[in-house]
Amino acid sequence: MRIVDRLSRAPWIWSWLAAFLVWFATIMVTGGASTLGLSQAALTFAAFSIIVGIGQMFVITLGPGNIDLSIPATMTLAGTVALKLMNVDNAMILPGLATAILIGIGIGLSNYALIKALRIPPIIATLSMSFIIQSAAIWTNRGLRIKPPNFLADFTTSTTLGVPNVSLVALVISVAAWFLLEKTVYGRWISAIGQSMPAARMAGVPVDGTRFVTYVLSAVLASLAGYLLACFSGGAALNMGTEYLLMSIAVVVLGGTAVAGGDSNVPGIWGASLFMFLVVSMLNTYGLGAGIRLIMTGLIIISVIMLAGGRQPGAR
Amino acid sequence: MRLTPSTDAIRLAIPALSLTVLLAAVFWLQPRAMSYIGLNLLFNLAVPIALATIAQMLIMSVNDLDLAMGTFVSFVACVTATFLRDDPLVGVLILAGSVAVYAMLGVVIHLRGLPSIVVSLGMSFVWAGLAVLLLPAPGGQAPEWIRSLMTMKPPLAPMAIVASILIAIVAHLIVMRSSLGVLIRGIGGNQRSVERAGWSVLAARAAAYGLAGVFAVLAGIALVGLTTSADANIALRYTLLSIAGVILGGGEFIGGRVSPIGAVIGALTLTLAGSFLSFLRIWPDWQIGAQGAILIIVLALRLLLNRLEYREKRR
C-alpha cells in the first residue's frame, strides 16, 4: 500500500501510466503483432522530443515567463548547416557535430543577451530570435536537401540489441540531465531561482550565470536534436522543427514539471514523449481521419493534465 | 490634474511612439502610402490581429496564457465561411457554443488549478481538428454582410483605422472602466485579496475567458471578411502575434498589468512592420528575420524610455 501511495504521488507516474495504457490499447487492436515495431518506433520518435524537452524543462524550471520558443528554428539551422558542412563525407562527422553545438551555444548566448541586456521577457526574446534564426536557415538552405553521411544515416536509423540508437543517445543525455538536476549545485540553483528569484539572489545564488547557462544548454540540446533529426530523416528540411515548438512544452508539463517553475523531473519527460507519439499512432491504427485524430489528441492531453493536475492549487 | 504624466500614460506613450516612428519610416520610403487607400492597404489585416490581441490580453490579465488563439481564430474563420453563410442560425449557435467552451475552460482551469498553457495547448489540437473537419481544403465563402462591413469606406479615415479605434475604445471601457474589468485585473494582481474581498474569482475568471472568446470570435469573422474564404491553417501565426502584440503594447505576463489601447497599437505596429519590410525591398530570405529585429528594436526603445522615466522619478 505504501508503495502505491508513494508512486501515486510521484509526478512522473501519470505520464508513464498514460503512455502504457495507450501502448496497450494499440497493441490490443493489432493483436500483438506489431509490439516490437511499435515500441521501437515510439522510442525512436520520442527520442527527439526527449532531447529538446530536457532543454525546455531546464528553462521552464527557472520560473514563470521562462520559456524557449527558439527551439524549432535552432533545430532547423543546426541541422541545415551541419549537413551542408559534412557534405555526405564520413570524415566530417565530428566537425559537423561541433558546428551544430557551436550554433547552439551562439543562439543560447544571443537569447540570454536579449533577455538580460534589453530586459525583454524570455518568450518575446526567444520568439524574435527564432525569426532571425529561421531567416538564417532559409538563407543557408536555399531549398537544397543534402543527404547525411552514410555512417550517420545508418547510426540514427538502426538499433543496438533491439533498442534504437537515437533513444540510447537520449538516455545518456537524460541520465546526465538527471545527475545535473539532482546531484549538482547547479540543479539546486535553477530550482531555487524557479521558486523565488529574489530569495535565490539574497541567498547568494549566481542568478545571472545560472540562467545564462540554462538558456545555452537548451539551445545546445535543440541543435543536437536538430543534427540527429536531420540525419535520421535523410536531410534537413526548413519545417523540420515546427512540431517541436508545442511538443517540447507539452512533454515537459505532461511529464509533471511545474509550469510555475522550481520543480522539474526527468523521468516524466520520457513518459510524456512516448505518450505523445503513441497517442498519434494509436489513433492512426484505429483508422481515424486527420480531424478526429487532432481532436482526440487534444482531449487526451487535457484529460491527462486534469487527472495529474491540481497538485498545487493556485499555481499558474 | 497633475502635469507630470502617470505611469499608465508613459506605458502607452512608448508603443504609440514606436508606431509613429515606424509609420514615418513607411511614409518616407513610400510617400504614396500617405493616402486614404494607402493607409487602408497598410492596416487592412490589422483589424483581426487587433481583436485577437485583445482576446489574448484578457487571458493574460488573469495571469494565464492562451496558446490556442491561432487555431481558435482559424476554427471561427472556417465556421464563418461555411455555416454562418449557409445557415446563419446554426453558425451563430456554434460560435456561441465555442464562447461558452472558452468560459468553461476558465472555470476548469480555476477549479482544478491547472496550468493554462497546457490546457490551451490541448485545446489548440481540438480547434485545429474541428477546423479540418469543417474545411479539409481551403474554401468556403464569406457572408455578404461581413464582406461589405469590412470593405466599407467611411469618410475621413479608412475602415481599418476606424475599426481599430473602435476596438480600442470598447476594450478600454470594458477592461479599464467597468467593475468587471477591475475585478479581472485584480485577479492578475492578487487573487487572494480579491477572494478575501468577497468576490467570486471563479465567475470573474470565467468572464475573462468568455470575453476573450467573444473577441477571438470577432477576430475570426473579421478575418474572413477580408480574405473572403477560409482555411484550417489561416490564422495559426495569431498565437504568437497576439502575445507579441500585448507585450509591445506595454502589457506584462503577470500581475494583471495590461493596456487595451496599447494592445491595439501593438497589433498595428506588428502589421505595419510587415509592410515596412516589403517597402524596404529587403531580401525575401531575411524578411522574417527583419521582423524579429524590429520586435527587438521596439522593445529596446521601450527599455530606454523606461530608464528615462526612472531617472525622472529619482530626481
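**Burial, packing and chain contacts in a predicted two-chain model**

I14(B) counts as buried, because 23 C-beta neighbours lie inside 10 Å and the threshold for burial is 20 or more. The model in which this residue is described is a predicted one. I14(B) is placed in helix α1 of chain B, which covers residues 7-29. Leaving aside residues up to four places away in sequence, I14(B) touches G250(B), L301(B), R302(B) and L305(B). Of these contacts, the one with G250(B) joins positions 236 residues apart along the chain, with the two C-alpha atoms separated by 7.8 Å.

G250(B) also has a place in the description of helix α12 of chain B, since this glycine follows the helix and has a positive phi, near 95 degrees. Helix α12 of chain B spans residues 238-248 and is mostly covered, with 11 of its 11 residues buried. The buried residues run from Y238(B), T239(B), L240(B) and L241(B), through S242(B), I243(B), A244(B) and G245(B), to V246(B), I247(B) and L248(B).

Helix α6 of chain B, residues 88-112, contains 25 residues. From its first C-alpha to its last, this helix reaches 36 Å, close to the 36 Å expected at 1.5 Å a residue. Its buried residues are I94(B), L95(B), S98(B), Y102(B), A103(B), L105(B), G106(B), I109(B) and H110(B). The cover over these buried residues includes α4 (69-81), α5 (83-86), α7 (116-134) and α11 (201-227) of chain B. After α6(B) comes G113(B), a residue with a positive phi, near 60 degrees.

Positive phi values were also found outside glycine. Most residues other than glycine have a negative phi. In N63(B), by contrast, phi is positive, near 70 degrees. N63(B) lies in the loop between α3 (46-61) and α4 of chain B, and it counts as partly exposed because it has 19 C-beta neighbours inside 10 Å. A second case is T228(B), with a positive phi near 65 degrees. The loop between α11 and α12 of chain B holds T228(B), whose 14 C-beta neighbours inside 10 Å are the reason that it counts as partly exposed.

The largest nonpolar core comprises 219 residues, among which A250(A), L51(B), A55(B), V73(B), F215(B) and A216(B) touch the most other members. Helix α11(B) supplies the largest share of this core, 16 residues. The contacts of A250(A) involve both chains: beyond residues up to four places away in sequence, this alanine touches A272(A), M276(A) and I301(A), together with V118(B) and L121(B).

Contact between the chains was then considered as a whole. In total, 45 residues of chain A are in contact with 39 residues of chain B. On the side of chain A that touches chain B, α6 (122-141), α12 (244-254) and α14 (290-308) of chain A each supply at least two residues. The most is given by α14(A), with 13 residues. By class, this side of chain A has 31 nonpolar, 11 polar and 3 charged residues.

Chain A contains 14 helices and 2 strands. Its radius of gyration is 19 Å, which agrees with the value near 20 Å that a compact globule of 316 residues would have. The C-alpha trace of chain A spans about 60 × 55 × 35 Å along its principal axes. Of the 316 residues of this chain, 53% count as buried. Among contacts in chain A with a separation of 6 or more, 78% are accounted for by residues 24 or more positions apart.

The confidence of the prediction is as follows. For the complex, the predictor gives an ipTM of 0.79 and a pTM of 0.81. Chain A has a mean pLDDT of 82, with 93% of its residues at 70 or more. Among the elements of chain A, the lowest mean pLDDT (67) belongs to helix α1 (residues 2-9) and the highest (90) to helix α11 (residues 207-232). Over residues 311-316 of chain A the pLDDT is below 50, and this stretch has 15 contacts in the model beyond near neighbours in sequence. For chain B, the mean pLDDT is 85, and 96% of the residues reach 70 or more.

Technical notes:
Residues numbered from 1 in each chain as written. Chains lettered and ligands numbered in written order. Predicted model: local features only at pLDDT ≥ 70, side-chain atom pairs only at ≥ 80, totals over all residues. Contact = placed C-beta atoms within 7 Å. Helix = DSSP H or I, 4+ residues; strand = E, 2+ residues; numbered from the N terminus. Nonpolar A, V, L, I, M, F, W, Y, C, P; charged D, E, K, R; others polar. pLDDT = per-residue confidence, 0-100. Rg over C-alpha atoms; globule rule 2.2 N^0.38 Å. Buried ≥ 20, exposed ≤ 12 C-beta atoms within 10 Å, placed from the backbone. Expected span 1.5 Å × (residues − 1). Core = buried A, V, L, I, M, F, W, Y, C linked by C-beta atoms within 7 Å.
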